Amino acid sequence: MATLIAPSNHSPVEDAEALRKAVKGWGADGKAIISILGHRNATQRTQIREAYQNLFQEDLIKRLESELSGDFERAMYRWILEPAEREALLANIALRSADKNYQVIVEISCVLSPEELFVVRRAYHNRYKRSLEEDVAANTSGHLGQLLLGLVSSFRYGGSEINARLAQSEADALHEAIKNKNKYSEEIIRILTTRSKAQLVATFNRYRDDHGIAITKKLSDEGSDEFHKAANLAISCINDHKKYYEKVLRNAMEGVGTDEDALTRVIVTRTEKDLKEIKEVYYKRNSVHLEHAVAKETSGDYKKFLLNLMGKED
């Protein structure tokens, strides 16, 4: 379930006028901006952007970019975009980063539904005048590149039907491929990029039952190269994306310093979907409420905004 608290009806014009007031003058009124945009769903935010443009002949996103700063500005920028625009932006940032953050590419490809992924590819094309597949191919190589390209270009069957015999044979094929490392990498790529999520989960379960170990654990034990890491991420996202996101959040806040990009990405992308369940998984795993952990690791308007999206009212 979503954690976003949004009104069932609102006035885009009144919201746009209130936002104009919040960004005029010396310094933006972060509290006012959060009180409006932090309580509007994707459709409502688009309506506000349109109303703001019509009223003031100005792009609200560009105005907020110029008035806000730091982690708060980056979080608000990602939030105000339409979901497909946001995923396209995140994919592009990941591909342009110095370390080529393929984790984000795997997330987008394996967590979204086939229809959602298709819309993201179209949004990427519109925004950057290139295809997502083109940029993935240009920025990766080898088996890793083949896997990522297969994942982003996939249009999986979305039904719940499974073939038990196929699950058995492909669990065996994955076992051989992992055991022989690079010899049968194409088999891992073929299976992960073509089968439905329901079929893959059945295959992963068959693997665990037959071999007494989760396939992700076996991959971690056998291979530490980029390809095996990416395959492991894909399996984790497909198998149980809520558990996967809990781990992303935990890693973002463990140790010295906070990975604000990862923290923002998970909260902003999941608040309208299933952040409530992710929070429950986080508490079960860490015996700490996610809100408390986030509050401890963040500050200022950035902290207020994230907590707001998590359903914690002032």
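This passage describes confidence, aromatic contacts, pockets and backbone angles in a predicted model.

The structure is a predicted model, in which local features need pLDDT of at least 70, side-chain atom pairs count only at pLDDT 80 or more, and totals for chains, interfaces and linings use all residues. Residues are numbered from 1 along each chain as its sequence is written, and side-chain values use heavy atoms, with hydrogens and water left out.

Confidence was examined through pLDDT, the predictor's confidence in each residue, from 0 to 100. The protein chain has a mean pLDDT of 95. In this chain, 99% of residues reach 70 or more. Among its elements, helix H18 (residues 275-286) has the highest mean, 98. Helix H14 (residues 215-222) has the lowest, 87. Helices here are DSSP runs (H or I, at least four residues), numbered from the N terminus.

Aromatic pairs were sought among the rings of Phe, Tyr and Trp (its six-membered ring), with centres within 6.5 Å; planes under 30 degrees apart count as stacked, over 60 as edge-to-face and the rest as tilted. Five aromatic pairs were found by this rule. One of them joins Phe72 and Phe305, with ring centres 6.0 Å apart. Their planes meet at 70°, so this pair is edge-to-face. Phe72 belongs to helix H5 (residues 70-80) and Phe305 to helix H20 (residues 300-309), so the contact ties together parts that are 233 residues apart in sequence. Phe72 is buried at 6% relative accessibility. Phe305 is also buried, at 0%. Buried means under 20% relative accessible area, exposed over 50%, and partly exposed in between (1.4 Å probe, protein chains only).

The rings of Tyr124 and Tyr128 have centres 4.8 Å apart and planes at 50°, so they form a tilted pair. Both residues lie in helix H8 (residues 114-128), four residues apart, which separates them by about one helical turn. Tyr124 is buried, with 0% relative accessible area. Tyr128 is buried as well, at 17%.

A charge also sits over a ring (NZ of Lys or CZ of Arg within 6 Å of the ring centre and within 35 degrees of the ring normal). The charged end of Arg45 lies over the ring of Trp79, 3.6 Å from its centre.

Pockets were then mapped on a 1 Å grid over the protein atoms alone. A pocket is an open set of points where a 1.4 Å probe fits, with protein on both sides within 12 Å along at least five of seven lines; lining residues have an atom within 4 Å of a point. The largest pocket has a volume (the space filled by probe spheres set on the points) of about 1100 Å³. Its lining comprises 37 residues. Gln103, Leu233, Tyr244, Val248 and Asn251 lie nearest its centre. Helix H16 (241-253) supplies the largest share of this lining, eight residues. By class, the lining holds 12 nonpolar, nine polar and 16 charged residues. Nonpolar covers Ala, Val, Leu, Ile, Met, Phe, Trp, Tyr, Cys and Pro; charged covers Asp, Glu, Lys and Arg; the others, Gly among them, are polar.

The second largest pocket holds about 200 Å³ of space. It is lined by 13 residues, with Pro83, Ala84, Leu112, Glu116 and Lys273 closest to its centre. H6 gives the largest share, four residues.

Two backbone angles close the description. Gln57 has a positive phi, near 50°, and is exposed at 60%. Lys129 has a positive phi near 60° and lies in the loop between H8 and helix H9 (132-139).

Note on methods: Helix = DSSP H or I, 4+ residues; strand = E, 2+ residues; numbered from the N terminus.
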